[in-house]
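Trainee: Got a minute to walk through this model with me? I'd like to start with a pair of helices.

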Amino acid sequence: MKFFLTGGAVRDELLGVEAKDNDYIIIDADRDELLLRKFEPVGKGFEVFLHPDTKEEYCLALENDLYKELERRDLTVNSIAKDIETGNYYDPFNGLEDIQNNTLRHTSDFFSEDPIRILRLARFKAQYPKFSIHKDTLCLCEALSRNKSLFDSMVGERFLIELKRALSLPSPTIFFELLREWGTLNLFFSELSQLWKIPQKKEYHSEGDCWDHTMLVLKKSCELSSSFSVRFACLIHDLGK
C-alpha cells in the first residue's frame with residue numbers, strides 16, 4: 001500500500017502557499033484492506049475513505065493506476081503526486097515545469113468532460129495572476145464555449161461554489177473578464193455578459209461601457225469589503241440596463 005499527496009496541496013507546497021486541504025491517493029490496496037485498517041468509507045459513486053486518526057480524505061486510484069488517476073485532473077499543476085514515504089514527486093504531465101514557468105495548462109482531453117473546469121481555470125488565473133494560460137488551453141476553452149448547451153446538465157450548487165470562491169479572491173475581476181472573453185460567461189450568466197458595449201451614462205462620470213463600470217465597482221467593493229453579499233450585489237447592480 002502506497003500513499004500519495006496530490007492536487008492543490010502539492011501545488012501550493014511547491015508555490016510556498018499554505019494548503020487548506022490535503023488530497024491523498026492510494027495504490028496497491030483495496031477496499032477490504034482499508035476497512036481492516038479502520039478507514040471509514042464516505043460518499044457514493046467512488047471510493048473515498050476517511051483516515052481513522054486525521055479524518056483526511058483518501059481515494060483509491062482508478063484501476064490502481066496512479067497515471068490514470070492524475071490524467072483525469074484538470075491542470076498539470078494539479079496533476080503532481082508526492083510519495084508520502086520518500087518525498088519523491090511523480091509528475092507524468094510536466095506540472096513541475098509548468099509551475100516553474102508560471103503556466104496553466106490542461107492535463108489531458110478529460111478537461112472537456114467537466115465544464116466547471118473552465119470556471120476553475122479562470123479562478124486559478126485570478127488567484128495566481130503571475131501565471132499565464134497556455135495557448136492550447138485558451139483555444140480549448142473558447143471552443144468548448146461555442147457549445148450553447150455546455151452547462152445545461154450542471155448542478156447549480158457547483159456554480160455557486162465556484163462563484164463564491166472567485167468573489168473571495170483579491171482580484172475577482174480577472175475571473176469575469178476571462179470568462180467574457182472566452183464566451184463562457186454568456187452561457188451561464190448572460191445578463192452580466194450583455195453589459196459589454198452597453199453605453200454608460202455620462203452623469204455617472206465613468207469611462208467605458210456598463211461592463212467596464214461594473215468591473216470598476218466590483219474592484220472597489222473588494223477594497224472595502226470581503227463579504228460575498230456585498231461583492232455580489234456590486235457585480236449585479238447594473239443588470240437593469
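Mentor: Sure. Helix α11 (residues 210–224) and helix α12 (residues 228–236) have axes that come within 8 Å and cross at roughly 165°. Axes are lines fitted to C-alpha atoms, for helices over the stretch in contact, and angles run from 0 to 180 degrees between N-to-C directions. Helices are DSSP runs of H or I, at least four residues, and strands are runs of E, at least two, numbered from the N terminus.

Trainee: Is this predicted, and what goes into the values?

Mentor: This is a predicted model, where local features need pLDDT of at least 70, side-chain atom pairs count only at pLDDT 80 or more, and totals for chains, interfaces and linings use all residues. Residues are numbered from 1 along each chain as its sequence is written, and side-chain values use heavy atoms, with hydrogens and water left out.

Trainee: Back to the helices. How do α11 and α12 run relative to each other?

Mentor: α11 and α12 are therefore roughly antiparallel; the cut-off for that is over 145 degrees.

Trainee: Which residues meet there?

Mentor: From α11, T214, M215, V217, L218, S221 and C222 meet R231, C234 and L235 of α12. Contact means heavy atoms within 4.5 Å. The residues of this contact divide into six nonpolar, two polar and one charged. Ala, Val, Leu, Ile, Met, Phe, Trp, Tyr, Cys and Pro count as nonpolar, Asp, Glu, Lys and Arg as charged, and the others, Gly among them, as polar.

Trainee: New topic. What's the strand order in the open sheet?

Mentor: Seven strands, β3-β4-β5-β2-β1-β6-β7, with mixed pairing. Two strands pair if DSSP finds at least two bridges between them.

Trainee: Which strands stand at the edges?

Mentor: β3 (40–42) and β7 (89–90) do. Each has a single partner strand, so one side of each lacks a neighbour in the sheet. β7 pairs with β6 (residues 81–83) in the antiparallel sense over two bridges. A81 has Y90 in β7 as its bridge partner.

Trainee: And β2, is it enclosed or open?

Mentor: Four of its five residues are buried, so β2 is largely enclosed by the rest of the structure. Buried means under 20% relative accessible area (1.4 Å probe, protein chains only).

Trainee: How many bridges join β1 to β2?

Mentor: Five, and β1 and β2 run antiparallel. L5 has Y24 in β2 as its bridge partner. β2 is also joined to β5 (residues 57–60), by four bridges, running parallel. There, D23 stands opposite E57.

Key. Angles under 35 degrees count as roughly parallel, over 145 as roughly antiparallel, 65 to 115 as roughly perpendicular and the rest as oblique. Buried means under 20% relative accessible area, exposed over 50%, partly exposed in between (1.4 Å probe, protein chains only).
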